Amino acid sequence: MNNKQELPWDNPRFRNWVAVARACHALERTLAARLAPLDLKPAQLDVLMNLYRHPGMSQHDLARKLLVGRSNITMLLPQLEKRGIVRREGDPKDKRILRLALTDAGTTLLMEALKIYTALIELAMAESSPAQCDVMGDQMRRITDVLDKAREF
């Protein structure tokens, strides 16, 4: 690289994006460690949260919400079903569609996991005021929108 060229880490956008990525990665590692006693992984928690908020959603809709391929969902669901925390049921109107829901045990597990997740987020965000959290969230949503649109091209 030419010495006269600006290096990317001298750019505040680059430097701060790396800081966001590091913070996200640190949160994911810590969350994984704290969920381990529940025998739950962050990806599984994401499934449980979505099924709680949207009971009866299809596998296809869940995959779109999680931004993962249907094959990933196909691998996750049998594990959760075997543990008795998720159930799959045929759609009465379209037998090709499987509808997903949490069992009572799944809801109980989710509530325990949410205590852990919420406490971790509170710890991570303790130095930020509610207004700062809102600004950060608004900025992340704008970034998500820009990147979603960029992916369409």
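This is a walk through the structure above, starting from the inside and ending at the surface. Keep in mind that the model is a predicted one.

Let's begin with the core. The largest nonpolar core has 24 residues, and the members that touch the most other members are Leu45, Val47, Leu48, Leu51, Leu62 and Val86. Several parts of the chain feed into this core: helix 1 (12-35), helix 2 (42-53), helix 3 (59-66), helix 4 (70-82), strand 2 (98-102) and helix 5 (104-125) each bring at least two residues to it. Helix 5 gives the largest share, five residues. As background, nonpolar side chains in soluble globular proteins tend to be buried together.

To get a feel for the core, pick out Leu51. Setting aside residues up to four places away in sequence, Leu51 touches Met57, Leu62, Val86, Leu100, Ala101 and Leu102. Now move over to Leu77, which sits in helix 4. With a relative accessible area of 1%, Leu77 is buried, since buried means under 20%. Beyond its neighbours within four places in sequence, Leu77 is in contact with Val47, Gln59, Leu62, Val86, Arg88 and Leu100. Take Gln59 from that list: Leu77 and Gln59 are 18 residues apart along the chain, and their C-alpha atoms are separated by 8.9 Å.

Polar residues can be tucked away here too, and Ser58 is a good place to look. You'll find Ser58 in the loop between helix 2 and helix 3, and at 9% relative accessibility it counts as buried. A polar atom of the Ser58 side chain lies 3.0 Å from the backbone nitrogen of Asp61. Leaving out residues up to four places away in sequence, Ser58 touches Ile97, Leu98, Arg99 and Leu100.

From Arg99 we can hop to Asp91. The side chains of Arg99 and Asp91 make a polar contact at 2.8 Å. Asp91 lies in the loop between strand 1 and strand 2, and with a relative accessible area of 8%, Asp91 is buried. Again not counting residues up to four places away in sequence, Asp91 touches Ile97 and Arg99. Ile97 and Arg99 were also on the list of residues that Ser58 touches.

Next come the charged pairs. How many salt bridges does the structure hold? There are nine of them, and three are worth a stop. One of the nine joins Arg83 and Asp39, whose closest N and O atoms are 4.0 Å apart. Arg83 is in the loop between helix 4 and strand 1 (86-90), while Asp39 is in the loop between helix 1 and helix 2, so this pair ties together parts that are 44 residues apart in sequence. Arg83 itself counts as partly exposed, at 34% relative accessibility.

The salt bridge between Arg64 and Asp61 is a more local affair: both residues lie in helix 3, three residues apart, which is about one turn of the helix. Their side chains meet at 3.3 Å, N to O. Arg64 is exposed, with a relative accessible area of 55%, whereas Asp61 counts as partly exposed at 26%. This is the Asp61 whose backbone nitrogen we met beside the Ser58 side chain.

The third stop is the salt bridge between Glu89 and Arg87, where the closest N and O atoms are 2.7 Å apart. Glu89 is partly exposed, with a relative accessible area of 39%, and Arg87 is partly exposed as well, at 35%.

Finally, let's look at the outside. Lys115 lies in helix 5, the helix with the largest share of the core. Yet Lys115 is exposed, with a relative accessible area of 54%, where exposed means over 50%. The Lys115 side chain makes a polar contact with the side chain of Glu112, at 3.1 Å.

Which residues form a nonpolar patch on the surface? They are Trp17, Val20, Val146 and Leu147, which together have about 370 Å² of accessible area. Helix 1 and helix 6 (130-151) each supply at least two residues of this patch. Trp17 has its place in helix 1, and with a relative accessible area of 42%, Trp17 is partly exposed. Helix 1 thus turns up in two places on this tour: it supplies residues to the core, and it supplies residues to the surface patch.

Definitions and conventions:
Residues are numbered from 1 along each chain as its sequence is written. This is a predicted model: local features need pLDDT of at least 70, side-chain atom pairs count only at pLDDT 80 or more; totals for chains, interfaces and linings use all residues. Side-chain values use heavy atoms; hydrogens and water are left out. A nonpolar core is a set of buried Ala, Val, Leu, Ile, Met, Phe, Trp, Tyr and Cys residues joined through side-chain atoms within 4.5 Å. Buried means under 20% relative accessible area, exposed over 50%, partly exposed in between (1.4 Å probe, protein chains only). Helices (H or I, at least four residues) and strands (E, at least two) are DSSP runs, numbered from the N terminus. Contact means heavy atoms within 4.5 Å. Patches are made of residues with over 30% relative accessible area and no salt bridge: like charges are joined within 9 Å, nonpolar side chains (Val, Leu, Ile, Met, Phe, Trp, Tyr) within 5 Å. Accessible areas come from the Shrake-Rupley method with a 1.4 Å probe; for residues, only the protein chains shown count as cover. A polar contact is a pair of N or O atoms within 3.5 Å; within protein, one must be able to donate a hydrogen and the other to accept it, and residues adjacent in sequence count only if both atoms are side-chain atoms.
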